[in-house]
Every structure is written in structure tokens, then in C-alpha cells.
Amino acid sequence: MDEIFKPSRRTFLRGSAAIAAGTVAGQAVAQDGPDPKITELQDWASYTGVGVDETPYGLPISFESDVVRRNVEWLTASPISSINFTPIHALDGTITPQGCAFERHHSGAIELSKDDYRLMINGLVDRPLIFTYADLERLPRENHVYFCECAANTGMEWAGAQLNGAQFTHGMIHNMEYTGVPLRTLLREAGLDAAGDLADKWVYVEGADASSNGRSIPMEKALDDVLVAFKANGEALRMEHGYPVRLVVPGWEGNMWVKWLRRVQVTDMAVGSREETSKYTDVYENGIARKWTWVMDAKSVITSPSPQMPITHGQGPLVISGLAWSGHGQITRVDVSKDGGITWETARLGKQGDTKALTRFYLDTDWDGSPMLLQSRAIDETGYVQPTKDQLREKRGENAVYHNNCIQTWFVNEEGVAENVEVS
């Protein structure tokens, strides 16, 4: 692992002094003389480039070869049941390229062809049905942009600053445009009269891989915005994202977004599978587990500057940028602090898209070379305000692994180098 990406366990700075903020005064750098990159003939303009068929499926240029998913080897015993991280520090806008979107597998990614694909709807339905991939393509489809966040995102940070990089602290997330058929369409095709009163009914979903990753979903959510998706960002799903068909459960923890979806069973109770009992619950200090914590609360992180994106241009105009999201709906405001939460400035939000999707924010400022303690704080349409880590600890203690949506702090020194620290 490259030196810059090695996890840091440094934890310090429980408080801070105020740091002065500047104003934006950006302009192009004045030239004292001719710039040879402008005035002299360059190699790339001296010969013809590659032809149109050089790369039938387009790839990133070699200069961007460091914008890739990465894992942390010591987090899991094997890459077969493991996770890697989206390079959120190196991206802008909100849409995550499929090739950069994080992976989480419980028994490895499988190869399942469209021809072999089957989806069964059974249980408390009028007519058990089996859909082929071709069947799904014939049904009315929808397109929506949603974020998918692993419940363990930022989980290593409960006890203190641990991983040195936004990719590692917050990179278990992606944001893509999904195309698919609403789950309610398939359930209604099978008929729900046999289920009776739907108020207390559930669906149990499972995948075709060895782990199956079964999860129970309340019928209310299943009939709302859950999508049976077969495209992402306009193209077929990647193998690691559940090709050919996956479930999309907007705003809810990523473990419920079952990949290689093979079965949807209507039930009269939650099944209580491994993934919703021994896993994906939050254990309080007294040992009691908080379950059914599906919704991902409002959260944000500054992606630049950050440990993997230091300030390299020196003093002057600086764009502080990051991402915010909420499983409860749209982000309505993001505040940014440069002094560890003593003072806050309202950031500029990028173009808003679908609800339960990533929102890009920017704070255009001027950096005078003084150290900064950078934080961001998201507020969603319900009025929920992203908490500090101490506020979360007060409610849940430090036994938890999942659903850590605390405010993140980066310490930026005089050289522009950033480090993960804790100001709680």
C-alpha cells in the first residue's frame, strides 16, 4: 500500500482556537514571459493520435490511473467477504462511475448470465411467478439517481480517528442512476389479496450468490420506491454490483440492496436472518441491540482538501468541496467550519437531483496558509442536523460499528497537508 494511503491511528485535538477565514479573490497567475507550453510546438500536436477503434470500451486516460477503488487489507480476513472503497476524494459532481463504485461481497462476486437469470415471487401471493431477464425488460421501467451507503461506512471511526483518507473513512458509498422496474409492479402482478391486510406484511429478499444475503423489508417500503434494477448509469450492471439484476432500496443501508436478486417472498413477519440479527444492528453500552435501523441519517464529508487531496497550490483562492446525503430525503443546507466547529459558513450546493441522492457542496474561500480544522455539517429536509461524534456516543456508546454519521474533521497544516483528527 502506498505510504500516503496507510491508515493513521492518530487521535488528538478535542478542542481548538478560532482560525480566521478569508474571502475569494481569484485570478489567473500573471506571466513574466512566454510560456513554452503555449508558444512552442508540443509532441502531442506533432503526430496523429490513436484511432477510433483503439479502445472499443473507453477507459480512463493513464494520467488518472490513481483514481481507483482501494481496500484496507487488515479490515477483513479475506477479499472474498470484504469491501473496497470509492475514491470519493478524486471525484467531483455527484455521479459515481461504475468502475469506481465500492464493492461489498459476502461470498465473492459471481458471474450469472441473463439467459440463466430467474426471479421468483412467492409466499403470500395469489399467483407465484417466475420472471426471466427478458420478462423484466418488457415491463414499464423508471430511472432514478440514488446513493447506496454501506451501514459500516465510517464505522472504524467510533472510537477515534483511525483511517487517513476520505476514501477510507467515507468511501463505502456510491451514487448512480438506476434503471429498473418498481418492485410494487412485480408484487401486484403476482397479486397480494392472499396476503390480506398489508400493514403488517413483509417481503424477504435474497440473492443468487452463495451467501444469499437475505433481508426482510416492510411491505410499506416494498410498495413505495424499491426498484428491481438492471442498469446503472445507462449501461448494464457490473458483475460486482449484481449483474444482471439487483435490488435498489433508496435511502436504506446498502446491505438491503441485495445483488443477483433471485427471490422475493411475501411473509407475515420479519424472517430474522443473520444479516438482520447478528449483523447490521447497533449494540448499546448496556448490551441491548438497536435493530431495524434501516435509514441512513444525514451525513457529509469534505473530500477536498482531505488527506488524499492536499492543498498543492499554496495560499490564495481555495475551493473546499464535499458530499452530503440523507436517507430521509434531500439535503437543504451544508455548513462548513474551518476552525473545528467554533464558527460556520453556509456552503453553496450543487445542482439538486433526485431525493435520497448525493449532493455536492462548495465553499469558495481564500486560504492564507494558516492551519485549519475542516468540518462539514449536513441538514436535510426533515430538519435533521448531522451530529458530532460525542452526540452519537452519548446516545449509543462506543460498541457500535454501523450507522456512524458523525461530523468528520480534517486538520490541514501550513503546508496544506491534511490528516484525520478528532474534534468531537
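**Exercise 1. Find the loop that holds Pro-244, then work out which kind of peptide bond leads into Pro-244.**

*Solution.* Start with the location: Pro-244 sits in the loop between β8 (235-236) and β9 (246-248). Keep in mind that you're looking at a predicted model. Now check the bond from Tyr-243 to Pro-244: omega is near 10°, and the bond is cis. That's worth a second look, because most peptide bonds are trans.

Next, try Pro-305, which lies in the loop between β13 (299-304) and β14 (316-325). Here the bond joining Ser-304 and Pro-305 is cis as well, with omega about 0°.

**Exercise 2. Trp-260 and His-403 have a positive phi; find where each one lies and decide whether each is buried or exposed.**

*Solution.* First, recall the background: most residues other than glycine have a negative phi.

Take Trp-260. Its phi is about 50°, and it is not a glycine. You'll find Trp-260 in the loop between β9 and β10 (261-267). Its relative accessible area is 2%. The cut-off for buried is under 20%, so Trp-260 is buried.

Now do the same for His-403, another non-glycine, with a phi of about 60°. His-403 is in the loop between α6 (389-396) and β20 (409-412). With a relative accessibility of 7%, His-403 counts as buried too.

**Exercise 3. Describe the surroundings of Asp-380: which strand holds it, and which side chain does it make a polar contact with?**

*Solution.* Step one is the strand: Asp-380 belongs to β19, which covers residues 372-380. Step two is charge. Asp-380 is buried but has no salt bridge. The nearest side chain of opposite charge belongs to Lys-356, and that is 11 Å away. A salt bridge needs the atoms within 4 Å.

Step three is to look for other partners. The side chain of Asp-380 makes a polar contact with the side chain of Thr-382, at 2.6 Å. Setting aside neighbours within four places in sequence, Asp-380 also touches several residues, including Ala-298, Ser-326 and His-328.

**Exercise 4. How many salt bridges does the whole structure have, and what does the one between Arg-184 and Glu-142 tie together?**

*Solution.* A search of the whole structure turns up 23 salt bridges. One of them links the side chains of Arg-184 and Glu-142, with N to O at 3.5 Å. Arg-184 is in helix α4 (residues 183-190) and Glu-142 is in strand β3 (residues 142-149), so this pair ties together parts that are 42 residues apart in sequence. Glu-142 is partly exposed, at 28% relative accessibility.

Now compare the two ends of another bridge. Arg-290 and Asp-282 come together with their closest N and O atoms 2.7 Å apart. Arg-290 is partly exposed at 24%, whereas Asp-282 is buried at 1%.

Finish with Glu-398 and Arg-393, whose salt bridge has an N to O distance of 3.6 Å. Glu-398 is partly exposed at 42%, while Arg-393 is buried at 12%. Follow the shared partners and you get one network of Lys-389, Asp-390, Arg-393, Glu-398 and Glu-422.

**Exercise 5. What is the volume of the largest cavity, and which residues lie nearest its centre?**

*Solution.* Begin with the count: there are four cavities of 30 Å³ or more in the whole structure. The largest has a volume of about 230 Å³. Its lining is made up of 19 residues. Of these, Arg-104, Arg-246, Gly-254, Trp-257 and Lys-259 lie nearest the centre.

Technical notes. Residues are numbered from 1 along each chain as its sequence is written. This is a predicted model: local features need pLDDT of at least 70, side-chain atom pairs count only at pLDDT 80 or more; totals for chains, interfaces and linings use all residues. Side-chain values use heavy atoms; hydrogens and water are left out. Helices (H or I, at least four residues) and strands (E, at least two) are DSSP runs, numbered from the N terminus. Buried means under 20% relative accessible area, exposed over 50%, partly exposed in between (1.4 Å probe, protein chains only). Lys and Arg count as positive and Asp and Glu as negative; His and the chain ends are not counted. A polar contact is a pair of N or O atoms within 3.5 Å; within protein, one must be able to donate a hydrogen and the other to accept it, and residues adjacent in sequence count only if both atoms are side-chain atoms. Contact means heavy atoms within 4.5 Å. On a 1 Å grid over the protein atoms alone, a cavity is a set of points where a 1.4 Å probe fits but cannot get out, and a pocket is an open set with protein on both sides within 12 Å along at least five of seven lines; lining residues have an atom within 4 Å of a point. Grid points are joined across faces, edges and corners, and a volume is the space filled by probe spheres set on the points.
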